[in-house]
Amino acid sequence: MKFLYVTDTHIRGTTPKNRLDVYVDTLKEKLEEVITLANQEDVDVLLHGGDVFDRPDLSPNVVGQFAKIFMKANMPIYVVAGNHDTFGHNPETISRTMLGLMDSFGVMTVIDQEKPVLIEKAGVKVQISGQPYHYDLDQRDPKLDYYPPNGSNADVLIHIVHSMLVEKALPEGVSHTLIDHIWGTTADIILTGHFHGGFGIKERNGKFMCNPGALSRVNNHWSEVTRMPKVVIGTIRNNDILLREVSINCARKGEEVLDRSFLEKAVHQEEKLHSFVQQVKESAQFHTLNMSDIILEIASLKNVEEKVKQEALRRMTVIEEVWKDEEHE
């Protein structure tokens with residue numbers, strides 16, 4: 001059984017202000033290469049780690065252009081929802097999003113958390129399960145998100161999670177899970193996205209953790225200047241697993257597509273923002289400016305009932321759904 005894994009395509013109709021190229025054209029070229037590679041490698045499935053789109057209510061015209069590219073794949077495409085694919089970071093809103101529309105039309109299939117995909121080839125049964133991004137991801141017991149049950153008596157378990165799985169601890173206030181803390185997972189292969197920098201392929205005692213990094217470079221972090229987009233091709237034969245990274249040939253070097261003057265200007269802006277955040281933290285004792293995170297923090301501090309907290313998060317989701325400004329970053 002063979003698969004190709006790609007993540008964080010962040011399809012959008014406009015060009016980020018820190019890009020020098022036409023983002024849509026560049027992304028189309030990358031995806032054309034990914035689909036061609038998948039067809040040439042004759043993979044059985046194409047797996048996507050989430051954030052297919054940069055926003056859940058993208059223009060149908062833009063979605064249609066990219067749907068035509070995905071439809072060139074000779075194999076089924078399975079995906080989990082990322083935080084950008086849903087309203088209010090809530091996976092329950094998928095049916096009202098463009099990712100849900102792609103699923104309805106059969107362009108790609110959103111993996112059901114309760115019904116993993118089962119593929120049997122050459123006598124080996126492979127289960128593919130998925131965990132979409134949600135409010136409590138990387139904050140609750142990791143066994144709930146990184147330890148999939150083997151409900152199909154499969155020989156190999158592949159689990160896709162759109163999460164902040166990283167090698168080293170991140171600053172206080174940034175929810176994350178360390179790779180070293182979940183090597184006991186029931187999965188044989190964990191594929192993650194969300195963390196755009198990626199960490200490549202890690203292996204221990206026959207188990208694999210993998211994040212090739214985002215296909216798209218949409219932010220102005222310095223690490224994006226040197227990073228080149230990649231995908232992963234996996235082969236499972238007689239319960240043996242082989243993963244390899246493949247670079248995207250059409251991708252141009254970071255300095256050719258990312259505006260250095262904007263990056264330099266961003267450093268000063270980041271310093272000012274950091275100063276502002278510190279002032280807010282000192283006065284309000286918040287560790288984040290993300291509205292959903294603030295609601296959760298207030299709830300924990302004031303011992304608010306769970307149903308009240310969930311209602312606040314639900315209302316925030318509704319507000320985000322009616323906010324149609326495609327230009328916001």
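Two strands are taken as paired if DSSP finds at least two bridges between them. This criterion underlies the account of the sheet given below for the predicted model.

The protein contains nine helices and 14 strands. Of its 329 residues, 52% are buried. Among contacts with a separation of 6 or more, 69% link residues that lie 24 or more positions apart. The protein exposes about 16200 Å², of which carbon and sulfur atoms supply 50%.

An open sheet is formed by six strands, arranged in the order β5-β6-β7-β10-β12-β11, and its pairing is mixed. The edges are occupied by β5 (117-121) and β11 (200-204); each has a single partner strand, so one side of each is left without a neighbour in the sheet. On average, neighbouring strands of this sheet are turned by 15° against each other, direction ignored.

Within this sheet, strand β7 (residues 156-161) stands between β6 and β10 in the strand order. Strand β6 (residues 124-131) is joined to β7 by six bridges, and the two strands run parallel. One residue of β6, Gly130, has Ile160 as its bridge partner in β7. Strand β10 (residues 189-192) is likewise parallel to β7, to which four bridges connect it. Across this pairing, Ile158 is opposite Ile189 in β10, and Val161 is opposite Thr192.

In a regular strand, side chains alternate between the two faces of the sheet. In β7, Val156, Ile158 and Ile160 point one way, whereas Leu157, His159 and Val161 point the other way, and all are buried. Because six of the six residues of β7 are buried, the strand is largely enclosed by the rest of the structure.

Nonpolar residues are also grouped in cores. The largest nonpolar core has 42 residues, and those with the most contacts inside it are Leu4, Ile11, Phe53 and Phe70. At least two residues of this core are supplied by each of β1, α1, α2, β3, α3 and β13 (230-237). The greatest share comes from α1, which gives eight residues. Another core, of 24 residues, lies apart from it and includes Met1, Cys210, Val232 and Ile241.

The surroundings of Ile11, one of the residues with the most contacts inside the largest core, draw on several parts of the sequence. With residues up to four places away in sequence not counted, Ile11 touches Leu27, Leu31, Val52, Phe53, Asp54, Leu58, Val62, Phe66 and Phe70. Phe53 and Phe70, which are among these neighbours, likewise belong to the residues with the most contacts inside the core.

Several loop residues were examined individually. His10 lies in the loop between β1 (2-6) and α1 (23-40). The relative accessibility of His10 is 1%, so this residue counts as buried. The side chains of His10 and Asp54 are joined by a polar contact of 2.7 Å. Beyond residues up to four places away in sequence, the neighbours touched by His10 are Tyr23, Leu27, Asp51, Val52, Phe53, Asp54, His84, His196, Ser216 and Val218. Leu27, Val52, Phe53 and Asp54 are thus touched by His10 and also by Ile11.

Arg55 is located in the loop between β2 (45-48) and α2 (60-70). With a relative accessibility of 9%, Arg55 counts as buried. A polar contact of 2.7 Å links the side chain of Arg55 to that of Asp57.

Ala81 occupies the loop between β3 (77-79) and α3 (98-104). This alanine is buried, with a relative accessible area of 2%. Outside the residues up to four places away in sequence, Ala81 touches Gly50, Thr86, Ile94, Leu99, Pro132, Tyr133 and His162. Ala81 and His134 are 53 residues apart in sequence, while their C-alpha atoms are 9.2 Å apart in space.

Asn220 is found in the loop between β12 (207-211) and α5 (223-226). The relative accessible area of Asn220 is 26%, and the residue is partly exposed. A separation of 202 residues in sequence divides Asn220 from Asn18, yet the two are 6.3 Å apart in space, C-alpha to C-alpha.

Note on methods:
Residues are numbered from 1 along each chain as its sequence is written. This is a predicted model: local features need pLDDT of at least 70, side-chain atom pairs count only at pLDDT 80 or more; totals for chains, interfaces and linings use all residues. Side-chain values use heavy atoms; hydrogens and water are left out. Buried means under 20% relative accessible area, exposed over 50%, partly exposed in between (1.4 Å probe, protein chains only). Axes are lines fitted to C-alpha atoms, for helices over the stretch in contact, and angles run from 0 to 180 degrees between N-to-C directions. Contact means heavy atoms within 4.5 Å. Accessible areas come from the Shrake-Rupley method with a 1.4 Å probe; for residues, only the protein chains shown count as cover. A polar contact is a pair of N or O atoms within 3.5 Å; within protein, one must be able to donate a hydrogen and the other to accept it, and residues adjacent in sequence count only if both atoms are side-chain atoms. A nonpolar core is a set of buried Ala, Val, Leu, Ile, Met, Phe, Trp, Tyr and Cys residues joined through side-chain atoms within 4.5 Å.
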